[in-house]
Amino acid sequence: GYHKVVKENRALYNMVQDLKGNIRVYCRIRPSFNGGSKGVIDFVGEDGSLVLLDPSKPGKDGRRVFNFNRVFGPTSTQDEIFKDTKPLIRSVMDGYNVCIFAYGQTGSGKTHTMSGPSGGSTTDMGINYLALNDLFQISSKRKDIISYELHVQMVEIYNEQVRDLLAEDSSTTKYPFIQAHKLEIRSCTSDNGLSLPNATMRSVKSTADVLNLIKVGEVNRFVSSTAMNNQSSRSHSVLTVHVHGKDASGDNLRSCLHLVDLAGSERVDKSEVTGDRLKEAQCINKSLSCLGDVITALAQRNAHIPYRNSKLTLLLQDSLGGHAKTLMFAHVSPEEDSFGETISTLKFAQRASTVELGAARSNKESSEVVQLKHQIESLKKALANKE
Ligand code: ADP
Ligand code: MG
């Protein structure tokens with residue numbers, strides 16, 4: 001009975017799934033640096049299953065099985081990744097807050113997925129560029145019904161300080177320049193709905209604008225990381241797209257898309273680091289474990305969600321939770337010597353994927369959504385009757 005009903009209502013069923021506020025988890029495996037070696041990867045299933053082999057336990061005892069919404073093997077392309085991410089990204093144009101973040105140890109492919117190949121190549125572009133490109137296309141398609149404005153902010157969080165990656169040096173008008181003062185994060189319920197009211201906000205009207213801004217942000221990130229004598233792998237970078245839509249009746253729609261390239265998740269051996277390095281390691285651990293705590297609290301439907309425990313979770317507050325749509329890319333390296341980190345990444349990701357929340361809520365509850373909710377209710381009743 002169930003399958004028949006589902007089949008009959010395929011479109012509606014898909015929309016029901018789409019409305020769910022779950023945290024989706026996709027796993028991506030980087031190609032091996034050791035030629036065609038499969039490394040620790042035993043099996044990648046189309047259903048989102050992943051089997052690894054523990055190199056220290058040959059035979060059946062070494063099998064480790066995980067399940068995600070999708071698993072992308074080493075041969076997957078940027079286009080394949082984007083194809084499965086597009087519907088989620090597009091929903092930002094319907095008023096949903098969306099957050100996509102890349103998690104994983106340094107060298108596992110986070111920046112490759114979000115930005116593209118290292119070295120600023122313009123082929124194989126990552127989600128950041130493809131997403132904005134797609135939003136412009138939707139905006140132009142809908143221009144007779146809704147007029148959209150897109151604005152972009154880009155910041156990094158390093159040692160629990162937020163830095164503006166799009167700030168210009170007003171005295172020289174030359175990039176790169178990093179604004180020295182710290183940015184304050186406001187609660188997302190502030191008047192204008194902005195969590196970073198003082199970060200540079202740039203209007204973008206074309207993909208060329210976006211490419212220029214991303215370049216500026218990346219140069220600034222590189223310069224700041226060199227100045228601090230550390231690598232960008234120790235900071236989180238957040239690209240935020242603010243969407244404002246207005247229709248003929250004057251109805252407003254506001255939403256935002258956060259695209260986050262997280263700091264490397266590798267555990268640092270505390271005995272080997274001191275001073276600044278130790279502080280850095282503690283800050284990274286703190287914000288990533290806070291992210292884990294928020295996700296767990298959401299999964300358990302706790303009344304209190306500890307967003308305020310780190311700058312990262314505070315900044316992402318409006319797009320991590322019941323009313324938003326969240327996608328996490330868990331990145332892993334296939335090499336045997338990364339096995340420990342790979343397992344810890346997959347465990348973190350598995351914990352996130354159990355999150356099941358109420359329906360995501362568009363900031364603008366259109367009549368369509370209301371109608372859909374009624375349909376969902378009657379579909380549920382139909383299902384109950386047939387079972
Ligand atoms: P991270 O940002 O997690 O530290 P990177 O994205 O910088 O990792 O990836 C490390 C290296 O591996 C880079 O040279 C990158 O170009 C390469 N790489 C990562 N993922 C892929 C992939 N899917 N296909 C090809 N090369 C990749
Ligand atoms: Mg990186």
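Averaged over the chain, the pLDDT (the predictor's confidence in each residue, from 0 to 100) comes to 81, and 79% of the residues score at least 70. Residues 170–181 fall below 50, though this stretch still has 20 contacts in the model beyond near neighbours in sequence; a contact here means two C-beta atoms, placed from the backbone, within 7 Å. The scores are ipTM 0.99 and pTM 0.84.

This is a predicted model, so local features need pLDDT of at least 70 and side-chain atom pairs count only at pLDDT 80 or more, while totals for chains, interfaces and linings use all residues. Residues are numbered from 1 along each chain as its sequence is written, with chains lettered from A and ligands numbered from 1 in the order in which they are written.

Now for the annotated site. An unreviewed UniProt entry marks a "binding site" that includes Gly-104, Lys-110 and Thr-111; such annotations may be inferred rather than shown by experiment. Here are two of its residues, with their places in helices (H or I, at least four residues) and strands (E, at least two), which are DSSP runs numbered from the N terminus.

| Residue | Place | Other C-beta atoms within 10 Å |
|---|---|---|
| Gly-104 | strand β6 (residues 98–104) | 29 atoms |
| Thr-111 | helix α5 (residues 110–114) | 21 atoms |

Gly-104 counts as buried because it has 29 such neighbours, the cut-offs being 20 or more for buried, 12 or fewer for exposed, and partly exposed in between. Leaving out residues up to four places away in sequence, Gly-104 touches Lys-110, Ser-265, Ala-330, His-331, Val-332 and Thr-345.
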